[in-house]
Amino acid sequence: MSSRDAFIASLKSPRLDVASAAVFALYSIVKSCHVSDETAEEGGLLTVQRKEAMGGDWGEDEKGEFADEWIAALIKFITETQAPLAAKQCAAWVLRRLATRESLGNERQSALDKMMVDAARVFVHGAMEGPWYDSASCLFTQEWASARRAVEQPSTQDDAVISILIAARAQDDQDTLTPPSPSDSSPGAGAALVAQLRELMFAAMLRPEFLGAALPLDAPPLGDPSLIIDAMTDTVDSDTMYEPIAVRSTAELEVKEGEFVVESTDTDRSVACRVAFEPGRELHVRIKVISRVCGSCASASAVLVSEGGRVRAVAPIAGCVAEIDSKHAKWLHMQVRSPWSQLSALAKSSFGQIGPVIGGGRMTASQRRKLQDGHWTLAFSDAESAERARGLVESARLRLRIATEMSLAPLLS
């Protein structure tokens, strides 16, 4: 059996560790200037290897008679296995140097398109069904640059490769390792959304029109910002509308504790209440909703504002559950999610980079703690005030859901 046949057989292996190891070896051969010409030529990769070493491009007739076999094996590995993302990124790096949209053929184009559509559907559904849907558009925009770098220059450091292969082997050995079950909690939902985002980003990099061409610097467009603003605008009547605040960066979407905001005594926009975050220290505050937009990204937060306009506490609306106490109609219980910046930090970390379970696949105790929900109990002067506050939260949640769906809609088209 030739080295080419052995490589392709390994790429098609049902064992993820074997197939992933073959991908890493293939990537090293194409990338390296130190592999013998005889080895590269026997594998049908000599032309590609030399062109890569010289930093040049090549035409369709230069890729070698065996290129089609490699393309078929790589696309099968990328689209039909649950291999670690790092291994798929190396496979994509080689594929982008072997194939163009024209050389793929309709069937393989369809396979890559389907991967993109499926990943987008999973990501959007996971976002809208969980408590982090307001973070989806921000994360998509934020992670494009790092995902682009990962495909253009995959990491193949020895320690990382060994960890990835161990993770792949563990994923194969279902009898000795049971993957963690999905969680409906905010930490579990956040971790799942980050994993789904990475799969979507990878699939977006392999759209057929990107093969054989430079990857775009900017992420694919999300929804029309003007539509997002319209969806987030609270229209009371034909003469009274409250538009969201436009900010310059996604970091500014987040209302922070200690920030000063415009005070409002309008009972339609804010409601006076009392809250105690520590025993014996009751605060007199007003609860109001602050909405902000940045391009196609939107946020809404329920904030507790003390006299002078200082924000004492923040509850992102997307993960906020507001319920009147069953025995005390003047009390409003609120489940409070962490700010989206905590999920952003998780996405930027090494979480999930190695594999779904081993090493980077588990959140640290600190990461999990930062994503845990909190709880408020607000006391109002009467039941009507408590219900009015609950209505403010629910109305803002509806507008935010509609705006987010509009923002994510282009990913499904």
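A residue is called buried when its relative accessible area is under 20%, exposed when it is over 50%, and partly exposed in between, with a 1.4 Å probe and protein chains only. By that yardstick, buried residues make up 49% of the 413 residues in the chain. The model is a predicted one, in which local features need pLDDT of at least 70, side-chain atom pairs count only at pLDDT 80 or more, and totals for chains, interfaces and linings use all residues. Residues are numbered from 1 along each chain as its sequence is written, and side-chain values use heavy atoms, with hydrogens and water left out.

The chain holds 15 helices and 10 strands, taken as DSSP runs (H or I of at least four residues for helices, E of at least two for strands) and numbered from the N terminus. Contact here means heavy atoms within 4.5 Å. Among contacts between residues at least 6 apart in sequence, 72% join residues at least 24 apart. The chain exposes about 19900 Å², of which carbon and sulfur atoms supply 51%; accessible areas come from the Shrake-Rupley method with a 1.4 Å probe, and for residues only the protein chains shown count as cover.

Helix α5 is a handy place to check geometry. The expected span of a helix is 1.5 Å times one less than its number of residues. The 14 residues of α5 (residues 67-80) should therefore span 20 Å, and the end C-alpha atoms are indeed 20 Å apart. Buried residues of α5 are A67, W70, I71, A73, L74, I75, F77 and I78. An α-helix has 3.6 residues a turn, so residues three or four places apart point the same way.

Three individual residues in other helices can be visited next. In helix α9 (residues 136-152) sits R148, which counts as buried at 17% relative accessibility. Beyond its neighbours within four places in sequence, R148 is in contact with M205, L215, P216 and L217. V117, in helix α8 (residues 106-129), is partly exposed at a relative accessible area of 37%. Its C-alpha atom is separated by 8.2 Å from that of S413, 296 residues apart along the chain. I402 belongs to helix α15 and is partly exposed, with a relative accessible area of 34%. The C-alpha atoms of I402 and I228 are 8.4 Å apart, with their positions 174 residues apart along the chain.

Empty space was searched on a 1 Å grid over the protein atoms alone: a cavity is a set of points where a 1.4 Å probe fits but cannot get out, a pocket is an open set with protein on both sides within 12 Å along at least five of seven lines, and lining residues have an atom within 4 Å of a point. Grid points are joined across faces, edges and corners, and a volume is the space filled by probe spheres set on the points. Three cavities of 30 Å³ or more were found in the whole structure, and the largest has a volume of about 40 Å³. Its lining consists of Y133, D134, S137, S296, C297, A298, A403, T404 and S407, with the largest share, three residues, from α15.

The second largest pocket has a volume of about 510 Å³. Of its 22 lining residues, Y242, R269, K288, V289 and I290 lie nearest its centre. Strand β5 (281-294) and helix α15 (383-408) each give two or more residues to this lining, and β5 gives the most, with five.
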